[in-house]
Amino acid sequence: MRFTIAIDGPAAAGKGTISKAVAAHYGFAHLDTGLLYRAVGARTLDGTDPIVAAKALTAEDLDADNLRTPEVAQAASKVAVIGEVRAALVDFQRAFARRAGGAVLDGRDIGTVICPNAEAKLFVTASAEVRAERRYLELVGKGTEIDRETVLADVKERDARDMERAEAPLKPAEDAVLIDTSVLAIEEAIGAAVAAIDKLHPAE
């Protein structure tokens, strides 16, 4: 059985948490495609050419400890605007999406570019202020010294770069179900996602 669930949305909207829970609910494999770009971005911080890094990417690169830092997040956003980088990572993502047993992919262009024929598409979003506060608490919880204003500025800067890039800009697929998590608890957001998927494809 091949069943693909595409979950897109901006940074810190909750798509990663929702995607993992949805994958666990249905027993599907999960891929955080943002990690691909973070892994490439991390390599560029060491001076590696981004296109070279993308073409040489391995599954082991996704396990690096530094992929969740603000510096790597910004680097990931910058390499994601490079067409050759995106092209190098497309096949990896599409192969994962059509694996036997079902797959959940979360990112920024899954429903629009990577898997336009996915059986279910969701677009998870929240206000910039709510997302910045979530990211701030996450970073502080990990011991990062940063202030709320800086995090909010980073979120808005990344949103602008992701939405305005020429290659695969961040936007909902026309047939995606929109889930705004601004005022939802995690359990409510996950429940809304599962309900939307079940409605799209009721169990026979």
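The following legends describe close-up views of a predicted model.

**View 1. Helices H2 and H4 cross in contact with each other.**
The axes of helix H2, residues 34–44, and helix H4, residues 70–79, come within 7 Å and cross at roughly 100°, and the two helices are therefore roughly perpendicular to each other. On the H2 side the contact involves Tyr 37, Arg 38, Val 40, Gly 41, Ala 42 and Thr 44, which meet Val 72, Ala 73, Ala 75, Ala 76 and Val 79 of H4. Sorted by class, the residues in this contact of H2 with H4 are eight nonpolar, two polar and one charged.

**View 2. Helix H2 is mostly covered, with Val 40 among its buried residues.**
Of the eleven residues of H2, nine are buried, namely Gly 34, Leu 35, Leu 36, Tyr 37, Arg 38, Ala 39, Val 40, Gly 41 and Ala 42. Val 40, which is found in this helix, is buried with a relative accessible area of 0%. When residues up to four places away in sequence are not counted, Val 40 touches Pro 50, Ala 53, Ala 54, Leu 57, Val 79, Val 85 and Leu 89. For one of these partners, Ala 54, the C-alpha to C-alpha distance to Val 40 is 5.7 Å, and the two residues are 14 residues apart in sequence.

**View 3. Helix H4 is largely enclosed by the rest of the structure.**
Seven of the ten residues of H4 are buried, so the helix is largely enclosed by the rest of the structure. These buried residues are Val 72, Ala 73, Gln 74, Ala 75, Ala 76, Ser 77 and Val 79, and the elements that they pack against are H2, helix H3 (50–55), H5 and helix H8 (148–164). Val 72, Ala 73, Ala 75, Ala 76 and Val 79 belong to the H4 side of the contact with H2.

**View 4. Gln 93 of helix H5 is buried among residues distant in sequence from H5's Gln 93 by over four places.**
Gln 93 is found in helix H5, residues 83–97, and at 0% relative accessibility this residue counts as buried. Its contacts, with residues up to four places away in sequence not counted, are Leu 31, Thr 33, Leu 36, Tyr 37, Leu 105, Ile 110 and Ile 114. Among these partners, Leu 36 and Tyr 37 are themselves buried residues of H2.

**View 5. Phe 3, Tyr 26 and Phe 28 form one aromatic cluster.**
A search of the whole structure finds two aromatic pairs. Phe 3 and Phe 28 form a tilted pair, with 5.8 Å from centre to centre and 45° between the planes. Phe 3 lies in the segment before strand S1 (4–8), while Phe 28 lies in the loop between helix H1 (15–26) and strand S2 (29–32), so the pair ties together parts that are 25 residues apart in sequence. Both Phe 3 and Phe 28 are buried.

**View 6. Arg 99 lies over the face of Phe 96.**
The charge of Arg 99 is placed over the ring of Phe 96, at 4.5 Å from the ring centre.

**View 7. Ala 12 and Ala 168 have positive phi values although neither is a glycine.**
Ala 12, found in the loop between S1 and H1, has a phi near 65°, and at 17% relative accessibility the residue counts as buried. Ala 168, found in the loop between H8 and strand S5 (177–180), has a positive phi of about 45°, and this alanine counts as buried at 12% relative accessibility.

**View 8. Glu 60 and Pro 202 are exposed.**
Glu 60 is found in the loop between H3 and H4 and is exposed, with a relative accessible area of 58%. The C-alpha atoms of Glu 60 and Ala 87, which are 27 residues apart along the chain, are separated by 20 Å. Pro 202 is found in the segment after helix H9 (186–200) and is likewise exposed, with a relative accessible area of 56%. Between Pro 202 and Glu 188, 14 residues apart along the chain, the separation of the C-alpha atoms is 20 Å.

Note on methods
Residues are numbered from 1 along each chain as its sequence is written. This is a predicted model: local features need pLDDT of at least 70, side-chain atom pairs count only at pLDDT 80 or more; totals for chains, interfaces and linings use all residues. Side-chain values use heavy atoms; hydrogens and water are left out. Axes are lines fitted to C-alpha atoms, for helices over the stretch in contact, and angles run from 0 to 180 degrees between N-to-C directions. Angles under 35 degrees count as roughly parallel, over 145 as roughly antiparallel, 65 to 115 as roughly perpendicular and the rest as oblique. Contact means heavy atoms within 4.5 Å. Ala, Val, Leu, Ile, Met, Phe, Trp, Tyr, Cys and Pro count as nonpolar, Asp, Glu, Lys and Arg as charged, and the others, Gly among them, as polar. Rings of Phe, Tyr and Trp (its six-membered ring) pair if their centres lie within 6.5 Å; planes under 30 degrees apart count as stacked, over 60 as edge-to-face and the rest as tilted. Buried means under 20% relative accessible area, exposed over 50%, partly exposed in between (1.4 Å probe, protein chains only). A charge sits over a ring if NZ of Lys or CZ of Arg is within 6 Å of the ring centre and within 35 degrees of the ring normal.
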